[in-house]
Every structure is written in C-alpha cells, then in structure tokens.
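Please walk me through this structure. Start with the charged pairs, then move on to the helices and what packs against them.

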Amino acid sequence: LIDNANNLSVQSDQSLSSEEKEQQAIRDVKDEILSSFTTNFDNNRRTVNRAEIVSLPIFCSSLIRLLNVEEIVSLMKDKSIESDRKKIMWHNMKIMSLTRVVSGAFNLSIVHILLSLQINIVSRYLLITHIDGSTLSVRKNYAKDPQQIEEERRNIIHLPQLVQQEFLKYGQHFVNGRGMEQLLVMVRKACEPVFSKLKIHVSYSAKELAEILEGIKSKLIPQILPVLPSLVIPRDVPFQDEENDEETEMKLAFMQCLNDELCDIFESKSCKGLWENCVNTTFGVLEKHLESMIHDIKLARSQCLLANLIPNITKEITIMFMNDPKNNYLVELAEN
C-alpha cells in the first residue's frame with residue numbers, strides 16, 4: 001500500500017504542468033513566510049517593549065518640565081513665607097501633583113498604542129516586500145524570460161529606511177512636541193475643578209481616590225479619542241529641506257500613505273477599544289501605586305492625610321512611570 005501510494009504521488013507530480021508546479025512552489029513559499037507570522041508578531045511586541053523602555057526617561061523628563069511641582073516644593077522650604085501664601089502653594093502643589101499622575105497615565109497609554117501601531121504597520125510593509133521578492137525568485141526558476149521577472153522586481157514596493165525612521169519618531173514628537181502639551185491642556189481642564197475640592201487636611205482612602213481618578217478618566221476618554229491622530233502625527237513635513245527630486249517626492253508620498261493609514265486605524269472602532277483598554281491598564285497600575293503609598297505611610301490604616309500623600313506622589317513620579325522594578329505598566333500593557 002505504501003509503495004502504491006508513493007507511485008501515485010510520483011505520477012501526480014509528473015502529471016503537473018510547469019505552470020502548476022510554479023504556482024505550487026509560490027504557495028509553498030508564501031505558506032512558509034506566513035507560518036512565521038506568530039514569531040513576527042512576538043518580535044514586534046518585544047520591539048514595542050524595548051522602545052517604550054528607551055522613551056520612558058524622555059517621557060518623565062517632559063512630564064516634570066510641563067508640570068514643575070518641584071519648583072513649588074523648593075519655594076515652600078523658605079521659612080519666611082507667610083502662612084496665607086503657603087496655603088496657596090499647598091493648593092497649587094496638590095492640583096499639579098495629582099494632575100501630573102493623571103496626565104502620565106494617559107500619555108503612557110498613547111505612547112504604547114502609537115508604538116504598537118507604527119511597528120506593526122512598518123513590519124507589514126516589510127513582510128509584503130519579502131513575500132513579493134520571494135515569489136518572484138520562484139517564478140524566475142520557471143520563467144521563459146527571466147529579464148521580465150527582473151523588471152517586475154524593480155517595481156516591488158520598498159519602504160525607504162529614512163521613511164521608516166521618520167515615521168517611528170512620532171513618539172518622540174508627541175513627548176517632546178505639541179502633542180503632550182495639547183493633551184495636558186485637556187487633562188488640566190478636567191482635573192482642576194475636581195482636585196480643587198479635595199482638602200489637604202482630610203484623610204482619603206485608596207478606594208476614594210480611585211473613584212475620583214475613574215471619574216476623571218471616564219470624562220476624558222471621549223474627549224481625547226477624536227483628537228488622537230492630531231496629537232501624535234506631526235504637522236511638520238519631513239524631507240522638506242531636501243532637493244525636490246523624484247526620490248524626495250516618493251518619500252513624501254510614502255509618509256502621506258503611512259499617516260493616512262495610521263489615521264484610519266486610530267479612527268477604527270477596534271483601535272478605540274484597544275486604547276481604552278490601555279488607559280484602563282495604566283490607571284489600574286497607578287491606583288495600585290497610590291494604595292501602596294497610603295499603606296506605607298499609615299501602615300495598617302486604610303486612610304491617609306492628603307498633606308502626607310502629596311509630597312510622596314511628587315517625589316515618586318519617576319518611580320511610578322519609569323523606575324518600577326517590575327515594570328508593571330509595560331508588562332500589563334504587553335499582555336493587554
């Protein structure tokens with residue numbers, strides 16, 4: 001039976017025409033490439049994780065620069081300051097410290113979703129180029145006119161390296177440029193009325209603070225979603241200082257294509273749901289940090305004076321978003 005099956009298989013192969021063999025070889029190549037898609041996805045996820053780790057110091061530095069609570073803390077050390085002025089400074093420090101952590105949670109979720117989309121978009125272009133090139137290599141083995149195949153090879157779309165680099169810089173643009181500043185305006189507008197009502201000499205539990213943060217988060221998500229593309233895509237056109245030749249025009253066309261695709265994805269229902277999950281994840285980790293702080297300050301007690309908590313939040317902003325030894329944000333975002 002085995003011999004008969006082998007003979008039938010050989011006869012079947014021999015009965016295939018050259019064109020059918022070519023198509024079978026192409027299918028085999030595509031199947032082999034696509035079978036590595038899971039590995040490619042895992043590699044992309046690790047790339048996103050590494051990119052986030054690299055961007056976190058810049059992210060924290062920008063956050064501290066835009067909401068400089070440390071300056072107020074430094075001024076409050078002056079013992080000659082009048083009590084009325086000190087009350088105002090406490091009030092401002094309270095609002096800025098809490099606004100800063102809320103802004104940090106939103107910013108981190110945007111950086112994560114942006115890097116994830118960018119790396120996967122670029123990876124898909126590279127994958128398609130690889131499939132097209134491999135397919136032509138197979139066809140060349142069966143072609144009567146190999147020169148025609150080489151002409152087709154020249155028409156394969158290759159995403160230029162410089163375009164990839166410029167496209168993947170959008171996270172830096174967001175953190176260092178207008179994007180983060182525009183987002184901060186929205187966050188401050190939502191946070192200030194809420195945090196102004198909190199009393200410095202009143203004790204709050206982690207649950208109470210979490211409920212306040214959840215209320216602000218629910219209010220801000222529908223406000224931020226429609227403007228996400230404008231926050232992350234720079235207005236400045238890259239390559240504009242180069243000579244206006246065909247190569248420059250091609251780069252600009254590629255950038256426009258990538259920007260359009262990124263906008264379309266951001267506006268999709270599935271992406272909006274994914275970003276909301278990211279926001280929920282970052283706020284969840286933030287709330288755990290606050291709970292841990294309250295426990296450390298008051299040990300067994302479940303409540304803590306806001307006056308005791310605010311200095312800790314101010315001091316530990318970089319621990320929350322950057323120096324976390326377990327990298328809770330990145331781990332949970334990756335799993336998300």
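A salt bridge here is a side-chain nitrogen of Lys or Arg within 4 Å of a carboxyl oxygen of Asp or Glu. Lys217 and Glu214 meet that rule, with N and O 2.7 Å apart. This is a predicted model, where local features need pLDDT of at least 70, side-chain atom pairs count only at pLDDT 80 or more, and totals for chains, interfaces and linings use all residues. Residues are numbered from 1 along each chain as its sequence is written, and side-chain values use heavy atoms, with hydrogens and water left out.

First, the overall picture. The protein chain has 16 helices and 2 strands. Helices (H or I, at least four residues) and strands (E, at least two) are DSSP runs, numbered from the N terminus. Of the 336 residues of the protein chain, 42% count as buried. Buried means under 20% relative accessible area, exposed means over 50%, and partly exposed lies in between, with a 1.4 Å probe and protein chains only. Contact means heavy atoms within 4.5 Å. Among contacts between residues at least 6 apart in sequence, 83% join residues at least 24 apart.

Now back to the charged pairs. The count comes to 5 salt bridges. Lys217 and Glu214 both lie in helix α10, residues 206-224. They are 3 residues apart, about one turn of the helix. Lys217 counts as buried because its relative accessibility is 6%. Glu214 reaches 28%, so Glu214 counts as partly exposed.

Glu287 sits in helix α13, residues 269-298. Glu287 touches Ala210, Leu213 and Glu214, leaving out residues up to four places away in sequence. Glu287 is buried yet has no salt bridge. Which side chain of opposite charge is nearest to Glu287? That is Lys217, 5.8 Å away. For charge, Lys and Arg count as positive and Asp and Glu as negative, while His and the chain ends are not counted.

Another salt bridge joins Glu166 and Lys169, with the closest N and O atoms 3.6 Å apart. Glu166 has a relative accessible area of 25%, so Glu166 is partly exposed. Lys169 is at 40% and therefore also counts as partly exposed.

Helix α9 carries a salt bridge too. The side chains of Arg188 and Glu192 meet at 3.5 Å, N to O. Both lie in α9, 4 residues apart, about one turn of the helix. Arg188 is partly exposed, with a relative accessible area of 30%. Glu192 is partly exposed as well, at 32%.

Stay with α9 and look at its length. The helix has 18 residues, 178-195, which should span 26 Å at 1.5 Å a residue. The expected span is 1.5 Å times one less than the number of residues. The end C-alpha atoms are 25 Å apart, which agrees. There is also a kink of about 25° in α9, centred on Arg188. The bend at a residue is the angle between axes fitted to the seven residues ending there and the seven starting there. Buried residues of α9 include Val187, Cys191 and Phe195.

What do these residues meet? Thr99, in helix α5 (residues 83-142), gives part of the picture. Thr99 is in contact with Leu67, Val187, Arg188, Cys191 and Phe195, leaving aside neighbours within four places in sequence. Thr99 is buried, with a relative accessible area of 1%.

Ser97 lies in α5 too. Ser97 counts as buried because its relative accessibility is 1%. Ser97 touches Val69, Ile310, Ile313 and Thr314, not counting residues up to four places away in sequence. Ser97 and Thr314 are 217 residues apart in sequence, but their C-alpha atoms are 5.7 Å apart in space.

Another pair distant in sequence involves Glu247, in helix α12 (residues 246-267). The C-alpha atoms of Glu247 and Pro160 are separated by 9.8 Å, with their places 87 residues apart along the chain. Glu247 counts as partly exposed, at 48% relative accessibility.

Last, the cysteines. A disulfide is a covalent bond between the sulfur atoms of two cysteines. The rule here asks for a pair of cysteine sulfur atoms within 2.5 Å. By this rule the count comes to 0 disulfides. Cys271 is in no disulfide, and the nearest cysteine sulfur, that of Cys278, is 8.6 Å away. Cys271 is buried, with a relative accessible area of 5%.
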